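Reader: I'm new to reading protein models and I get lost when I look at everything at once. Could you pick one part, go through it slowly with me, and then show me how it fits with the rest?

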Amino acid sequence: MIEITSWLRIDEDELVEKAARASGPGGQHVNKTSTAIELRFDVANSPSLTDDIKARLTALGGSRMTQEGVLVLFAQGHRSQEMNRQDARERLVELIRRATEKPKPRRPTKPTYSSKLKRLETKTKRSGVKSMRGRVRHDD
């Protein structure tokens with residue numbers, strides 16, 4: 001079991017890990033070892049998560065989410081497979097932890113009396129400036 005918060009845990013059977021070859025430079029070592037880890041977590045069908053957490057996690061996942069609702073994390077920053085596995089799991093835990101936080105509801109506010117007056121005053125000034133533009137009339 002992977003502990004996300006004190007009240008939320010995810011079973012390790014829900015994770016699918018696959019080793020792959022890391023991209024980038026590295027010489028002979030990188031060409032013959034599969035040190036990168038691709039971690040897949042099925043958000044849409046996870047029994048551990050509530051519907052609102054699933055929705056927030058899907059939004060946080062962004063381009064890492066597939067059409068089927070699977071979150072895909074790719075870790076290749078370290079030279080060892082175990083370190084990359086640990087890194088991918090830590091990133092998954094952090095994403096889910098951020099998804100558990102409910103966003104603070106926005107309270108609509110009204111403009112203050114002084115801000116209304118200030119706005120009208122600047123509109124009047126601007127109107128005066130614009131009305132002074134244009135053709136010059138000679139009243140002789």
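Author: Let's zoom in on helix 2, where the cover over the buried residues includes strand 4, strand 5 and helix 3. Keep in mind as we go that this is a predicted model.

Helix 2 runs over residues 51-61. Which of its residues are buried? They are Ile53, Lys54, Arg56, Leu57 and Gly61. Try looking at how these are spaced along the helix. An α-helix has 3.6 residues a turn, so residues three or four places apart point the same way. With that in mind, follow Ile53, Leu57 and Gly61, which are among the buried ones. Right after the helix comes Gly62, and its phi is positive, near 60°.

Now pick out one of those buried residues, Arg56, which sits in helix 2. Where does its side chain go? It reaches the backbone oxygen of Ala99, at 2.6 Å. If you skip the neighbours within four places in sequence, the residues in contact with Arg56 are Ala99, Thr100, Glu101, Lys102 and Pro103. So what's at that end of the chain? Thr100, for one, belongs to helix 3, which covers residues 81-100.

Let's stay with Thr100 for a moment, since you can look back at helix 2 from there. Is Thr100 buried or exposed? The cut-off for buried is under 20% relative accessible area, and Thr100 has 15% relative accessibility, so it counts as buried. A polar atom of its side chain lies 2.5 Å from the backbone oxygen of Arg97. Leaving out residues up to four places away in sequence, Thr100 touches Ile53 and Arg56 of helix 2, and also Thr5, Trp7 and Leu8.

Next, the strands that help cover helix 2. Three strands make an open sheet, in the order 3-4-5, with antiparallel pairing. Strand 3 (15-20) and strand 5 (70-75) are the edge strands, each pairing on one side only. From one strand to the next, the twist averages 20°. Strand 4, residues 36-42, is joined to strand 3 by six bridges, and the two run antiparallel. Strand 4 also pairs with strand 5 over six bridges, again in the antiparallel sense.

You can trace these pairings residue by residue. Start at Leu39 in strand 4: Glu17 stands opposite it, and Leu39 in turn stands opposite Leu73 in strand 5. Now try Ile37, also in strand 4: Ala19 stands opposite it, while Ile37 stands opposite Ala75 in strand 5. If you wonder where the side chains go, in a regular strand they alternate between the two faces of the sheet.

How covered are these strands? In strand 4, five of the seven residues are buried, so that strand is largely enclosed by the rest of the structure. Strand 5 is mostly covered as well, with five of its six residues buried. Helix 3 comes back in here too: it packs on the sheet and touches strand 3, strand 4 and strand 5, and its direction makes about 140° with that of strand 5.

What about the stretch leading into helix 2? The loop between strand 4 and helix 2 is where you find Pro47. Over 50% relative accessible area counts as exposed, and Pro47 has 71%, so it is exposed. The C-alpha atoms of Pro47 and Ile10 are 8.7 Å apart, although those positions lie 37 residues apart along the chain.

Finally, step back and look at the whole chain. It has four helices and five strands, and reading along the sequence you get the pattern β-β-β-α-β-α-β-α-α. Its radius of gyration is 28 Å, well over the 14 Å that the globule rule gives for 140 residues, so the chain is more spread out than a compact globule. The C-alpha trace spans about 95 × 45 × 25 Å along its principal axes. Across the 140 residues, 28% count as buried. Among contacts with a separation of 6 or more, 60% come from residues 24 or more positions apart. The touch between Arg56 and Thr100 is a good one to go back and find on your screen.

Note on methods. Residues numbered from 1 in each chain as written. Predicted model: local features only at pLDDT ≥ 70, side-chain atom pairs only at ≥ 80, totals over all residues. Heavy atoms only, no water. Pairing = 2+ DSSP bridges. Axes fitted to C-alpha atoms, helices over the stretch in contact; angles between N-to-C directions. Contact = heavy atoms within 4.5 Å. Buried < 20%, exposed > 50% of the residue type's maximum accessible area, 1.4 Å probe, protein only. Rg over C-alpha atoms; globule rule 2.2 N^0.38 Å. Polar contact = N/O pair within 3.5 Å; in protein donor to acceptor, adjacent residues only side chain to side chain.
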